[in-house]
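Student: Could you take me through the charged pairs in this protein, one by one? I would like to know where they sit and how covered they are.

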Amino acid sequence: MTAAFVGTYAGKGGAGLVPLVHDAQAGGWTAGPPIPSIRNASFAVTSPSHGHRYLVDEAAGSVDVYAADWRPLAQVRSGGEAPCHLALAPDECHLAVANYASGSVTLFPLDDAGLPRAGTTLAHHGRGPDPDRQRGPHAHWVGFTPAGALLAVDLGTDRIVSRSLDRLDAPQTLYAAPPGSGPRHLALHPTLPVAYLVSELAATLTVLRSEGAMFRAESVRAITVEETLGGAIALDAPHARLYVTTRGGDCIVTYALDPHGTPTRIGHISSIGRSPRHLLLLDNTLLVANEESGHVTIFQLDDGRRPHGDPVVMNVPGAAFLMTG
């Protein structure tokens, strides 16, 4: 059975969307034939109701919709340049897309069949102090609160922005990150008023507590002591674990969460590849997409839910992200 799919960048040797197959009886992993028509897919989400897969094509600037059997259903422009992330609203009535290069977010209403209608593109404005990475806005992550508010993390302006769906023209700064920190990705705890922010430029993990219409930073801590970039974040809420990667240091750090959601670092391990860009949890397995080395590393998790042992390292050039099968 197919356990996961790997989106790849064509410019880094990617051949398309690559299925990873796990044979439970043989205990091994193999890479199946790629789907060559699905190129430069750097993130995806799946509809629980329809089974559709929504993928961004970062090079083409499009959002592509596929059925569960990968039959193409629709394609729309993302409303900006270099779409890198997307999210489905809890009620599945909207799909949001982060356009990194243009620094905008596009919100698409979805029809009864789960297909996107004409979207509304929401521009971000401003810049940060880093002259190379923050000359303008760079939306890097989008998501929805349980109540349905639209959130966006902007690496270029050091902000998390919130919008009510009935007042899209009235953005609120939910959190102003330290200047130059370059916030990248956010993980919302499903049951606690807590969020975890990994910042790329500062390589920090910030614990955010929800206080009314704002986030308050409870703590800001370095992920590692090396000069690195923050990468991916994955929350394993049922087992009270948080995983964060660094690029440059190329490691995975594991945190244990107490009943209040406060993390304590319990270990780290090499990602066995360069630039771990994305993480995927599958039961007792953690998969890591190492973009620059073109490998997917597959770890088993020990009793403490930490990566351990001898991992499986698979050659997948241009590995950008991972999704369940």
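Tutor: Happy to help; here is a walk through the salt bridges, with a short look at a hairpin and the cysteines afterwards.

A word on the source: this is a predicted model, in which local features need pLDDT of at least 70 and side-chain atom pairs count only at pLDDT 80 or more, while totals for chains, interfaces and linings use all residues. Residues are numbered from 1 along each chain as its sequence is written, and side-chain values use heavy atoms, with hydrogens and water left out.

Let's start with the idea. Side chains of opposite charge can pair when their charged atoms come close. We call it a salt bridge when a side-chain nitrogen of Lys or Arg is within 4 Å of a carboxyl oxygen of Asp or Glu. The structure has 12 salt bridges.

One of them joins Glu200 to Arg184, with 2.7 Å between the closest N and O atoms. Glu200 is in the loop between β17 (194-199) and β18 (204-211), while Arg184 belongs to strand β16 (residues 183-188), so this pair ties together parts 16 residues apart in sequence. Strands here are DSSP runs of E with at least two residues, numbered from the N terminus. Both Glu200 and Arg184 are buried. Buried means under 20% relative accessible area, exposed means over 50%, and partly exposed is in between (1.4 Å probe, protein chains only).

Next, look at Glu218 and Arg209, whose side chains form a salt bridge at 2.8 Å, N to O. Glu218 is partly exposed because its relative accessibility is 33%, whereas Arg209 counts as buried at 12%.

Arg216 and Glu211 also meet in a salt bridge, at 2.5 Å from N to O. Here Arg216 is partly exposed, at 36% relative accessible area, and Glu211 is partly exposed too, at 43%. Finally, a network of salt bridges links Lys12, Arg277, Glu291 and Glu292.

Now for the hairpin. Strand β4 (residues 41-46) is mostly covered, with five of its six residues buried. β4 runs antiparallel to strand β5 (residues 53-57), and five bridges join them; two strands pair if DSSP finds at least two bridges between them. Across this pairing, Thr46 stands opposite Arg53 in β5. Six residues lie between the two strands of the hairpin, and Gly51 in the turn has a positive phi of about 80°.

As for the cysteines, Cys84 is buried at 5% relative accessibility, and Cys251 is buried at 6%. The whole structure has zero disulfides (pairs of cysteine sulfur atoms within 2.5 Å).

Terms used
Helices (H or I, at least four residues) and strands (E, at least two) are DSSP runs, numbered from the N terminus.
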